[in-house]
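Subject: The structure I promised you

Hi,

Here is the structure we talked about. Have it open while you read, and click along as you go.

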Amino acid sequence: MAIDPFEQLHPGIQRWVWQQGWPALRQIQAQAIPLVLGRQSDVVISAPTAGGKTEAAFLPIMSDLAQFEGPGLRCLCVSPLRALINDQTRRLTSMAEAVDLRVQPWHGDVSAGRASFWKRPANILITTPESLEALLMRRGAQFGGLLGELRYLVVDELHAFFGSERGAQLRSLLQRVERLVPHPLPRIALSATLGEPARAGNFLRSRGGFPCQMLTTASDGGELRLQVRAIQQRREHDGGPMPTMKAAGDAVEKLLAQIARQPMDERVQLPAPPETFEELEDNEQAPADRYTTALDEIADHLFERLRGESHLVFANARAQVEIVADQLRERAEGRALPNEFFPHHGALSRELRLSVEERLREGKLPTTAVCTSTLEMGVDLGDVVSVAQIGPAPSVAALKQRIGRSGRRPGQPQILRQYVVLPALTSRSHSVDWLRLSLLQAIAAIELMLAGRFEPPMQEDLHLSTLVQQILSYIAQSGGGCTAAELYRELCQRGAFSNIDQAMFAEVLRSLGSAQLIEQVNDGSLLPGAVGERIMEHFSFYATFFTPEEYQLLCNGKRLGTVPVIEPLVPGRLMLFAGRRWRILEVDTEARVVLLAPSKGGKPPSFGGGPLGVHRIVHQRMRQLLEESSIPVYLDPLAQQGLMDAREAYNLFGFGKSPLTASGDAVYLAHWAGHRVGLAIALWLQWLEVEAVNAGSFVELIGLVEEAVPQLIELALQRIPADATILAARKEGLERNKFDQFLQPELLVRGYAAAELDLDGAIAVMKQWHEALTK
């Protein structure tokens with residue numbers, strides 16, 4: 001007879017469950033209990049936000065730890081965000097107290113409990129990768145001594161680490177921790193969005209040793225309400241709406257009629273278009289005043305729909321966050337209403353961010369946070385009624401995370417308001433602009449999310465920058481230095497950098513030696529060099545990502561946050577920051593401090609960054625949308641018209657029959673295969689001395705006539721690059737990551753090729769083009 005999973009829990013944990021008033025365990029929690037308690041496999045638990053995955057892991061973990069008396073570190077949990085750690089600590093403390101266990105958060109903002117931890121370690125330690133890096137580097141022997149009783153390694157929000165240098169760091173740290181534990185150690189991972197669960201298991205542990213059990217669940221059947229609302233961008237000289245394919249101006253109607261009467265091989269070539277909003281979207285460096293008209297209309301709609309309740313509004317750039325938060329605040333003050341709209345992003349001070357989070361959590365006052373990805377993951381924000389997304393979400397996984405922030409209470413629906421700006425179109429607009437690509441991307445992400453399809457973790461990247469960091473960190477942890485053979489064995493053969501062969505690893509070591517990051521002593525051991533010691537002494541070393549030079553923003557002694565030094569900060573300049581308007585009074589370049597005073601105008605500062613690449617599955621779904629006939633019920637009338645216009649243009653301009661379209665002195669080839677394929681094709685054609693640019697789901701060929709394209713494709717297939725490094729060598733600015741500056745150019749080329757280029761996919765697309773253009 002099967003044992004009831006609930007009966008396997010410790011009596012104290014059972015009482016805690018009863019006290020929560022749960023009618024029963026969720027299915028995924030019941031499934032996880034015997035697997036976690038058995039400690040014979042890794043376990044990946046995938047459930048939607050508020051789906052009970054944290055309890056699925058920690059109900060059995062704490063039941064197991066309750067059998068041991070007294071202090072002792074027995075569970076190490078790594079989490080991507082400090083705010084998430086604070087929230088998890090708060091949630092887990094009451095469960096831990098039910099069985100006399102202690103939970104210790106450990107990151108840069110926590111001081112309580114750190115000193116006593118070394119004498120009386122907590123049973124559960126929750127930390128970030130950066131803080132774990134510091135523990136291993138600075139207190140390697142002491143921390144290693146505490147790991148002898150460790151029984152579980154837990155990774156929270158596993159998907160947040162996919163495809164990043166931080167993810168490579170995490171995997172390396174997990175392996176380094178396991179090497180300090182004298183017994184087998186199962187890994188437990190939690191995630192809300194997994195594209196390919198099997199690949200997620202390989203990401204969690206790439207070297208075997210434990211089987212991996214995958215536990216997944218769909219939503220618990222809660223209602224989902226969503227709407228895609230299109231906003232028509234207007235040109236500065238025109239106060240009226242721009243034309244659609246159905247309601248175009250006379251010039252556009254005549255042009256389309258002319259095209260419709262001609263065979264596809266005699267299509268009219270439209271002149272090149274001016275810059276569109278779509279090219280600016282999701283780009284931190286885009287000038288804010290180019291799209292404030294559209295954001296005004298979005299702010300009007302948000303204010304009317306959100307006022308009086310608590311919501312989250314996600315924008316894809318900090319500049320957008322500042323503009324929208326300022327516009328919402330201005331509308332409230334203009335009506336003599338208390339402000340309930342606040343910005344939330346990483347450049348704001350910790351105090352400002354925490355005040356917004358606490359206000360949401362308490363739920364006493366209506367509060368809308370306008371945010372970037374900072375509030376995307378698991379922090380409990382109380383009763384959030386709805387989520388809004390401005391522009392397409394950065395990924396399907398991000399959209400799933402964000403929509404899951406609402407409807408977390410029983411009986412409440414999840415609500416998403418998706419806003420998409422349609423670029424202004426005229427008779428001069430290119431046929432590609434009529435495809436409404438930003439609208440298609442937003443719809444495609446929603447459709448993929450509803451189908452449960454998410455971007456899988458990328459496993460091609462070599463992560464050479466993070467390897468540099470891990471080499472230095474491991475040497476520091478060893479205390480007396482270590483040999484090249486030991487480093488290769490621990491970091492590559494047994495560790496996270498399995499894509500690095502011995503020859504490449506030797507090249508990395510030679511690069512570090514040339515840059516004086518490491519040096520070799522007489523016995524062959526490697527030690528930090530002069531430059532290595534200097535960079536390791538700085539606190540910023542622990543992070544795999546850049547920490548640019550920043551200036552603090554102060555007003556009357558209160559710290560508002562920081563801004564990177566990307567553009568000049570001069571007295572008298574007006575600025576938007578923290579959802580309010582300021583004038584720069586003084587800039588202290590030595591202290592890196594900017595003094596501000598309230599003002600009546602301003603623009604957000606430049607925060608740097610740029611758009612993320614779109615994955616293949618999104619491009620493919622975008623094309624399918626163009627070839628289908630059904631209209632999603634969640635589109636508002638203008639979004640419906642935009643989708644119908646895109647489909648009409650797709651057929652009218654022959655996109656469905658040929659990948660080729662021309663305009664003026666530019667030719668566009670549609671690949672619909674993702675950013676890495678498009679970039680590989682563009683560099684391949686540049687290698688053939690053709691001016692080519694990767695442009696979303698298209699490759700743009702400049703200065704080439706349409707008739708020359710088939711011959712170019714044939715030439716390309718006759719000259720297929722031997723490998724992607726040939727193409728990467730043409731790219732300028734290969735230093736993408738923090739420690740790339742210490743690597744020789746040849747290594748940077750190989751790293752860029754692995755991370756950014758899909759040559760196999762490019763060859764497949766090129767063959768498809770050749771077949772389509774030579775029929």
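Below is what turned up in it, starting with the whole chain and then going into single elements and residues.

One thing to keep in mind throughout: this is a predicted model.

**The whole chain**

The chain has 775 residues, and 57% of them are buried. Its secondary structure comes to 27 helices and 24 strands. If you take the contacts with a separation of 6 or more, 75% of them are between residues 24 or more positions apart.

**Two helices on the inside**

Have a look at helix H15, residues 396-403. All 8 of its 8 residues are buried, so this helix is largely enclosed by the rest of the structure. The list runs Val396, Ala397, Ala398, Leu399, Lys400, Gln401, Arg402 and Ile403, and you'll notice that Lys400 and Arg402, both charged, are in it. What covers them? The cover includes strands E8 (224-232), E9 (311-315), E12 (386-390) and E13 (414-422), along with helices H16 (437-450) and H21 (616-627).

Helix H6, residues 129-138, is a similar story: 9 of its 10 residues are buried, so the rest of the structure largely encloses it. Among the buried ones are Pro129, Glu130, Leu132, Glu133 and Met137.

**A strand with two partners**

Next, go to strand E24, residues 698-702. Here 4 of the 5 residues are buried, so E24 too is largely enclosed by the rest of the structure. Which strands pair with E24? One is E22 (residues 666-670), which runs antiparallel to E24 and is joined to it by 5 bridges. In that pairing, Tyr668 sits opposite Glu700. Another is E23 (residues 692-695), also antiparallel, with 4 bridges. There, Asn694 faces Val699. E23 and E24 make a hairpin with 2 residues between them, and Gly696 in the turn has a positive phi of about 70 degrees.

**Two odd backbone angles**

Most residues other than glycine have a negative phi. That makes the next two worth a click.

- Ala578 is not a glycine, yet has a positive phi of about 60 degrees. You'll find Ala578 in the loop between strand E18 (574-577) and strand E19 (580-588). With a relative accessible area of 18%, Ala578 is buried, because the cut-off is under 20%.
- Glu689 is not a glycine either, and has a positive phi of about 65 degrees. Glu689 is in the loop between helix H23 (675-687) and E23. Buried or exposed? At 66% relative accessibility, Glu689 counts as exposed, because the cut-off for that is over 50%.

**Cavities**

How many cavities of 30 Å³ or more does a search of the whole structure find? The answer is 7. The largest holds about 120 Å³ of space. Its lining has 14 residues, and those nearest the centre are Ala50, Lys53, Thr54, Arg91 and Arg408. Sorted by type, the lining has 2 nonpolar, 6 polar and 6 charged residues. Helix H3 (53-65) and helix H4 (82-97) each give at least two residues to this lining.

Since you're at H4, find Gln88, which is in that helix. Gln88 is buried, with a relative accessible area of 4%. Apart from its neighbours within four places in sequence, Gln88 is in contact with Thr54, Ile126 and Asp156. Thr54 is one of the residues named above as nearest the centre of the largest cavity.

**A buried arginine**

Arg39 is in the loop between helix H2 (27-38) and strand E1 (42-46). At 16% relative accessibility, Arg39 counts as buried. Leaving aside neighbours within four places in sequence, its contacts are Asp64, Arg151, Tyr152, His183, Pro184, Pro186 and Phe210. Arg39 and Asp64 are 25 residues apart along the chain, and their C-alpha atoms are 9.9 Å apart.

**Cysteines**

Last stop. How many disulfides does the search of the whole structure find? It finds 0. Take Cys77: the nearest cysteine sulfur belongs to Cys75 and is 6.3 Å away. A disulfide needs the two sulfur atoms within 2.5 Å, so this pair does not count as one. Cys77 is buried at 3% relative accessibility, and Cys482 is buried as well, at 1%.

Cheers

Technical notes
Residues numbered from 1 in each chain as written. Predicted model: local features only at pLDDT ≥ 70, side-chain atom pairs only at ≥ 80, totals over all residues. Heavy atoms only, no water. 1 Å grid on protein atoms, 1.4 Å probe; cavity = no way out; pocket = protein on both sides within 12 Å on 5 of 7 lines; lining within 4 Å. Points joined across faces, edges and corners; volume = space filled by probe spheres on them. Buried < 20%, exposed > 50% of the residue type's maximum accessible area, 1.4 Å probe, protein only. Contact = heavy atoms within 4.5 Å. Pairing = 2+ DSSP bridges.
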